[in-house]
Amino acid sequence: MDVTELQHPKDVLNDESRQFALLVNSVTDYAIYMLDEHGVIRTWNPGGQRIKGYTAEDVVGTNFSRFYLPEDAAAGVPQRNLRTAATEGRCIEDRWRVRQDGSRFLASVVIDPIWVDGVLVGYAKVTRDITERHDAQERLQQVQHSLLQAQKMEAIGKLTLGLAHDFNNLLTIIVNCLDLISVRVKDGPAAKLIETALRAAERGALLSRQLLTFGRGQKLSPESLDVTAALRESKELLQRSAGDTVNVVFNLDDDLPLVFVDRAQLEAAVLNLVCNSRDAMPSGGTITITARAQDTQDPASTNHAPEPHVCLTVEDDGEGIPPDKQARVFEPFFTTKPVGRGSGLGLSQVFGFTTQSGGFPQLSSVPGEGTRITLCFPIYEP
């Protein structure tokens, strides 16, 4: 061999054609390849194999439309992109593509035409996988939405708390005055009117307590509690409240960690959920009550690490909740029931009690398939 044919590795950088080959073949984060004027693949780099899974032997000589989703290919998107690049000088798009294994990824694509002496001879195509960035943006949007929802509920809670306190003070005066009058008027029509007024005032006091619970102003008496044991003791009450046409199924894990909650408020919250599920199944159905320990995360929390919770779920197979109303179900006085069939304070009581106990509620519902509400409580650590 002629000694002059030997090249030092660094001398390769002085060869323009070798420079380009090294550049293209050293890039693994981008699929960089050439197409002829009909879209047939002529070159393939390691980045294309890493992103799409194909080797050069798999794809060179085939049409680049194989990377498109079947519906896009059938609609003529690949050919349209080539026409756009040829007529407008470049085609840029972010669109879903398919890998060799059939999985989909979001691709950021640039197609540039290659002209030689005014003749279109092919295209240069660069593709980057931006699925992770897309997923991160979606997660950020979800967190921002949850945070805005939490801030809205916090503002409504503060307003409700102030109104409930003032309302409660007025009710106290009314009840005290009615009690004093009832001591002097014990018989006759006036006594019946006083009794009716007292019952109405008691109803107002109940509404006030529910509002205080939503606003986290209700005084709780928390205790260390075994959720499974508490639910088992409430089985008969819950089944009776669900009615004869509804079957209540209990799926409760034994040996659950303890939680630190107000037992009476917990029972009232579960009863509220069961009654709501019953009303969502006018023709009958099944309510499933589940209690288990699992790692989960508050959607409104900025902490991305799931933490251990005891999760109590009430699930039905009823009418479900329309998607546009799901974000408001925990607001006071908001109800999906017909006028006159609900005060709209049941789920707000559930929300207030759960958050005041250090937990959070989760809701998922599909119209026509049912609703699932989960109350997540932190594990009690004395």
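This text walks through a predicted model, from the whole chain down to single residues.

Start with the chain as a whole. Its secondary structure comes to 11 helices and 11 strands. The chain has 382 residues, and 36% of them count as buried. Its accessible surface comes to about 21,700 Å². Carbon and sulfur atoms hold 53% of that surface. Contacts along the chain can also be sorted by sequence separation. Take those between residues at least 6 apart in sequence: 59% of them join residues at least 24 apart.

Now go to residue G39. G39 sits in the loop between strand β1 (30-36) and helix α2 (46-52). Is this loop residue buried or exposed? Buried means under 20% relative accessible area. G39 has 0% relative accessibility, so this glycine counts as buried. Which residues does G39 touch, once those up to four places away in sequence are set aside? They are T62, N63, F64 and L82. F64 is 25 residues from G39 along the chain, yet their C-alpha atoms are separated by 5.8 Å.

Next comes a sheet. Five strands form it, in the order β6-β8-β9-β11-β10. The sheet is open, and its pairing is mixed. The edges are β6 (246-252) and β10 (360-366), each of which pairs on one side only. From one strand to the next, the twist averages 15°.

Follow the sheet from the β6 edge. β6 and β8 run parallel, joined by seven bridges. In this pairing, V248 stands opposite I287 of β8. The next pair along is β8 and β9. How many bridges do strand β8 (residues 285-296) and strand β9 (residues 307-316) share? They pair over 10 bridges, in the antiparallel sense. Two positions help to trace this pairing on screen. T288 has E315 in β9 as its bridge partner. T296 stands opposite E307, also in β9.

Two helices lie against these strands. Helix α10 (residues 263-279) packs on the sheet. α10 touches β6, β8, β9 and β11 (370-378). The direction of α10 makes about 35° with that of β9. Helix α11 (residues 346-356) lies across β10 and β11. Its angle to β11 is about 25°.

A further helix, α9 (residues 235-242), shows two faces. L238, S241 and A242 are its buried residues. Why do they lie on the same side of α9? They cover an arc of only 100° around the axis, which puts them there together. The general rule helps here. An α-helix has 3.6 residues a turn, so residues three or four places apart point the same way. On the other side of α9, E236 and R240 are exposed. What covers the buried residues of α9? The cover includes β6, α10 and β8. This ties α9 to elements already met in the sheet: β6 and β8 are two of its five strands, and α10 packs on the sheet. After α9 comes G243, with a positive phi near 95°.

Return to the sheet for two residues inside it. The first stop is H309, found in strand β9. H309 has a relative accessible area of 6%, so this histidine is buried. What lies 2.8 Å from a polar atom of the H309 side chain? The backbone oxygen of E307 does. Leaving aside neighbours within four places in sequence, H309 is in contact with a set of residues that includes R292, A293, Q294 and T296. F360, C376, F377, P378 and I379 are also among its contacts. T296 has already appeared, as the residue opposite E307.

The other stop is T374, in strand β11. T374 is buried too, because its relative accessibility is 9%. Which side chain makes a polar contact with that of T374? The side chain of T313 does, at 2.8 Å. Beyond residues up to four places away in sequence, T374 touches C311, L312 and T313, along with F360, P361 and Q362. F360 thus appears in two contact lists, that of T374 and that of H309.

Notes. Residues are numbered from 1 along each chain as its sequence is written. This is a predicted model: local features need pLDDT of at least 70, side-chain atom pairs count only at pLDDT 80 or more; totals for chains, interfaces and linings use all residues. Side-chain values use heavy atoms; hydrogens and water are left out. Helices (H or I, at least four residues) and strands (E, at least two) are DSSP runs, numbered from the N terminus. Buried means under 20% relative accessible area, exposed over 50%, partly exposed in between (1.4 Å probe, protein chains only). Contact means heavy atoms within 4.5 Å. Two strands pair if DSSP finds at least two bridges between them. Axes are lines fitted to C-alpha atoms, for helices over the stretch in contact, and angles run from 0 to 180 degrees between N-to-C directions. The arc is that of the directions from the helix axis to the C-beta atoms. A polar contact is a pair of N or O atoms within 3.5 Å; within protein, one must be able to donate a hydrogen and the other to accept it, and residues adjacent in sequence count only if both atoms are side-chain atoms. Accessible areas come from the Shrake-Rupley method with a 1.4 Å probe; for residues, only the protein chains shown count as cover.
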